[in-house]
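Subject: Structure for you to look at

Dear colleague,

I am passing on the structure we spoke about, and I would be glad if you could look through it with the notes below beside you.

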Protein chains: 2
Amino acid sequence: MEAAAERGFDYHYVVQQQEMQDFIVKCAIKVGCDSVQAESIGRMLIYADERGHFSHGINRLHVYLRDLSTKTCKPNGKPKILKRKGATALVDGDNALGSIVGEYCMNLAIEIAAENGIGWVTVNNSNHFGAAGRYGHFAADKGMIGFAFTNTSPTTFPTRSSQKALGTNPISIVAPANGEDRFALDMATSTVAFGKIEIAERKGKDCVPSGWGANENGIEEHKPEIILKGGGTLPLGGIEERGGYKGTGLCQMVEILCGITAGGPFGKNIREWTGTVQKADLGQCYIAVDPECFAEGFTNRLQEFLDETRNLEPIDPSLPVRCAGDFSKSHKFLTENVGGLVYHKSQIEYLHKISKEHNIPFFEVSNFKAPKT
Amino acid sequence: MEAAAERGFDYHYVVQQQEMQDFIVKCAIKVGCDSVQAESIGRMLIYADERGHFSHGINRLHVYLRDLSTKTCKPNGKPKILKRKGATALVDGDNALGSIVGEYCMNLAIEIAAENGIGWVTVNNSNHFGAAGRYGHFAADKGMIGFAFTNTSPTTFPTRSSQKALGTNPISIVAPANGEDRFALDMATSTVAFGKIEIAERKGKDCVPSGWGANENGIEEHKPEIILKGGGTLPLGGIEERGGYKGTGLCQMVEILCGITAGGPFGKNIREWTGTVQKADLGQCYIAVDPECFAEGFTNRLQEFLDETRNLEPIDPSLPVRCAGDFSKSHKFLTENVGGLVYHKSQIEYLHKISKEHNIPFFEVSNFKAPKT
């Protein structure tokens, strides 16, 4: 929900989407992908950077390239349907790229929903698919509500536990209002993503807010360097008395919809995020719902709800009330205004490193100039 | 998730379920219900008290009786299907009792799921249906996963807002493991239910934990008496930096699945909980999912996940790790052990008042004796 602009990022460079897409495609082909697969990785990473979700964008390119070159993820995997009944399908992800699996499964869910009102697709043998929120937009493009869920490597302490046994298991839902407007929630069920704690440390912050993280024994901790030394994230709500057991429950709900329904690993048995031997074997769930099957006028009512929410009297007039997805939208507007993706210089340095490593020529970047407001 | 036993309640009396059911039925018939409707109210309230969710049990009988006697809720309403397609149905709740609507819609969802793998039922023109978690158990009784959602009267401040514009909109899911074991999550999307703040005040507590409530301007507040004077609840997570925007998003997601999809009022336009003129006109959503449509062996995997979770090393050995629904289960076990529903004396006094008010003879209660452990 929070985009980089409001997190106080500053930008130094602008890169045109097509330049970035070409660069990603070349890198992916280098590690064994065909062009269809390579383009899918590009779409996935650019989706995130266009919306200011840098933690799920180009910043993670090396992870996907590593999984491909070590063959822990199949460069040219092809998901296939194992079972179909009514509104449901079970898919084998064939250990393909998460983005390929996500595109396949959400499109399948939409196709099933066009016939049955609902399409509910569960997949095993999948991989990290970038920002969960991306897939729901495919449904919204067709006038439907879209959900996507995935299990992830265990980095979260369930309430009362001294062991990490859950991922940051995201919940995402995108619902179409009028025109281009949407409700677009995309949230980890931990209070924050692990990356947010890393950023706090890099910025030299002494402590992070309550509820973000815990030390290696699962005890709430505010110092980022202690959390990062074998600690982990806390479920949404933080400690038990502040509602953390609800975050734990939501995180487990996602696990039930993903690994447990799809028949893959779950909870503490999922491989570590940095693993390069074992395949990820993630479970995911994609749902499309056709609101036309229910009361007429869905998009108008949703529009009214979004507008009403944005017009609520804020506590602090400088911090207006926002809807899920509004921060991403502002960031997308910024990229449109400056004619490309915007990056901090450290991200361009990172890409230079990848360019050298894979021997792919670098692309043109221009200097960022803040648009007049 | 937290049952009364662990909240430090003490019990004085035991009432047999049948005695309580008869009493509720007589009260409901007195205010215009037929026996079918009256029995449904009984089942709804006893479900909650059997599980220690006293805030949704007999404690609320007067609210249902008031809605029925003022005719803001129709004593003999009959829900009917407005639209059916594939895995979906839209239902008009006919302003019937929430329990009647909930039983009807969840059974319809199960019936649809038996045919289509999924049953997704949305209803408008409904009423308060007690504990949301009750309905998912109907699905689990048939080997399915069940979800129930409802919108509720606005008592929660969305993140950054100085106005209350959302309910405590619960999310509930029940999934069957082996034998009688289940994952049963039933949670308000606010950090706590309003009733928990009232209880803190009644117990003379000076302050409640961070994230529970806000003053009348939406600013976080710890003193229960200030929260109760025109303030409200905060979304799960509490203030923005601790993740409250995620609780807001989840709360809005429930609103989208309920009022907005079903075509009823939503957000700040839902009547106040204490209203007796306007009908409640709540929107609700019931989903049944047949896990057999996906990977074989769902209940075994869920059982393994539940057992693994319960066996995690706890931070504090006296506070074992629990799964959603475990506290309710312990309370149900207690009621089975002592042969009836257990109550604090204040609840029996409350029932005496209702007995006099509606001129219904009181029932037999016995003294509570803690079972040997």
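How many residues does the contact take from chain B, and how many from chain A? The contact takes 94 residues from chain B and 94 residues from chain A, and please keep in mind throughout that this is a predicted model.

**The interface**

Between them, chain B and chain A bury about 7,500 Å², of which 68% is on carbon and sulfur atoms. The rule finds zero salt bridges across the interface of chain B and chain A, whereas 30 residue pairs, both at pLDDT 80 or more, are found there in polar contact. On the side of chain B that touches chain A, the largest share is 14 residues, and these come from helix H8 (residues 244-262) of chain B. Sorted by class, that side of chain B has 48 nonpolar, 27 polar and 19 charged residues.

**The seven-stranded sheet of chain A**

In chain A there is an open sheet of seven strands, arranged in the order S2-S3-S4-S11-S5-S6-S7, and its pairing is mixed. Strand S2 (80-85) and strand S7 (182-187) of chain A are the edge strands, each of which pairs on one side only. From one strand to the next, the twist averages 15°.

Towards one edge, strand S6 (residues 171-176) of chain A runs antiparallel to S7(A), and six bridges join the two; within this pairing, A:Ile173 has A:Leu185 in S7(A) as its bridge partner. Helix H5 (residues 133-141) of chain A packs on the sheet, where it touches strand S5 (145-150), S6, S7 and strand S11 (282-289) of chain A, and the direction of H5 makes about 25° with that of S6(A). Helix H9 (residues 298-310) of chain A also packs on the sheet, touching S5, S6 and S7 of chain A, but with a direction that makes about 110° with that of S6(A).

**Salt bridges**

Although none was found across the interface of chain B and chain A, a search of the whole structure finds 32 salt bridges over all chains. One to look at is formed by the side chains of A:Lys80 and A:Asp92, which meet at 3.6 Å, N to O. Because A:Lys80 lies in strand S2 of chain A and A:Asp92 in strand S3 (residues 88-92) of chain A, the pair ties together parts that are 12 residues apart in sequence.

**The three-stranded sheet of chain B**

Chain B has an open sheet of three strands in the order S12-S1-S13, with antiparallel pairing, and its edge strands, each pairing on one side only, are strand S12 (341-343) and strand S13 (366-367) of chain B. Strand S1 (residues 13-15) of chain B pairs with S13(B) over two bridges in the antiparallel sense, and there B:Val14 stands opposite B:Ser366 in S13(B).

With best wishes

Note on methods
Residues numbered from 1 in each chain as written. Chains lettered and ligands numbered in written order. Predicted model: local features only at pLDDT ≥ 70, side-chain atom pairs only at ≥ 80, totals over all residues. Heavy atoms only, no water. Pairing = 2+ DSSP bridges. Helix = DSSP H or I, 4+ residues; strand = E, 2+ residues; numbered from the N terminus. Axes fitted to C-alpha atoms, helices over the stretch in contact; angles between N-to-C directions. Contact = heavy atoms within 4.5 Å. Buried area = accessible area lost by both parts, 1.4 Å probe. Salt bridge = Lys/Arg side-chain N within 4 Å of Asp/Glu carboxyl O. Polar contact = N/O pair within 3.5 Å; in protein donor to acceptor, adjacent residues only side chain to side chain. Nonpolar A, V, L, I, M, F, W, Y, C, P; charged D, E, K, R; others polar.
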